Amino acid sequence: MNVGKEVALLKGMAVAELRGNVLLAEGPFGSAPVTLHRVGPEASGPLDSLRAGPDGSFAFRLPNVPDPAVRQEVYFASVRHDGVNYFG
């Protein structure tokens, strides 16, 4: 799984997204189930889930812009395939 973080400026407000591509055997894994997770001092666990697009791409809008100076939290995505969870 290839995951990258991007922060976009939308209508004057910072918006954070977690975007990536799910690959299987060097090719796109279309319709893969992808889950967004958050780990932080107050709460941890899955936040949202979706199916990757036909090209394996996915994007989650994060609830806030990650800022280690303000919140000590981490966001990441996972994919479950053949009974195995893959994190990235």
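This report walks through a sheet, a nonpolar core and a few residues of a predicted model.

## The four-stranded sheet

Let's start with the sheet. Four strands make it up, in the order S6-S5-S8-S9, and the sheet is open with antiparallel pairing. At its edges sit strand S6 (44–51) and strand S9 (84–87), each of which has a pairing partner on one side only. If you ignore direction, neighbouring strands here are turned by 30° against each other on average.

Now zoom in on one pair. Strand S5 (residues 33–39) and strand S8 (residues 74–81) run antiparallel to each other and are joined over six bridges. Within this pair, threonine 35 stands opposite serine 78 of S8.

## A closer look at serine 78

Is serine 78, a residue of strand S8, buried or exposed? Serine 78 counts as buried, because its relative accessibility is 6% and the cut-off for buried is under 20%.

What does the side chain of serine 78 make a polar contact with? Its partner is the side chain of histidine 37, at 2.8 Å.

## The nonpolar core

Next up is the largest nonpolar core, which has 14 residues. Among those with the most contacts inside this core are Val22, Leu36, Phe58 and Val79. Several strands chip in: strand S2 (13–21), S5, strand S7 (57–61) and S8 each supply at least two residues. Which strand gives the most to the core? That's S8, with three residues.

Take valine 22 as an example of a core residue with many partners. Not counting neighbours within four places in sequence, valine 22 touches Gly27, Pro28, Phe29, Ala32, Val34, Ala52, Gly56, Phe58 and Val79. Two of the names on that list, Ala32 and Val34, also belong to the residues with the most contacts inside the core.

## Two residues with a positive phi

Here's some background before the last stop. Most residues other than glycine have a negative phi. Alanine 25 goes the other way: its phi is positive, about 55°, although it is not a glycine. You'll find alanine 25 in the loop between strand S3 (23–24) and strand S4 (27–28). With a relative accessible area of 76%, alanine 25 is exposed, because the cut-off for exposed is over 50%.

Serine 31 also has a positive phi, about 65°, and is not a glycine either. This serine sits in the loop between S4 and S5. Its relative accessibility is 44%, so serine 31 counts as partly exposed.

Terms used. Residues are numbered from 1 along each chain as its sequence is written. This is a predicted model: local features need pLDDT of at least 70, side-chain atom pairs count only at pLDDT 80 or more; totals for chains, interfaces and linings use all residues. Side-chain values use heavy atoms; hydrogens and water are left out. Two strands pair if DSSP finds at least two bridges between them. Axes are lines fitted to C-alpha atoms, for helices over the stretch in contact, and angles run from 0 to 180 degrees between N-to-C directions. Buried means under 20% relative accessible area, exposed over 50%, partly exposed in between (1.4 Å probe, protein chains only). A polar contact is a pair of N or O atoms within 3.5 Å; within protein, one must be able to donate a hydrogen and the other to accept it, and residues adjacent in sequence count only if both atoms are side-chain atoms. A nonpolar core is a set of buried Ala, Val, Leu, Ile, Met, Phe, Trp, Tyr and Cys residues joined through side-chain atoms within 4.5 Å. Contact means heavy atoms within 4.5 Å.
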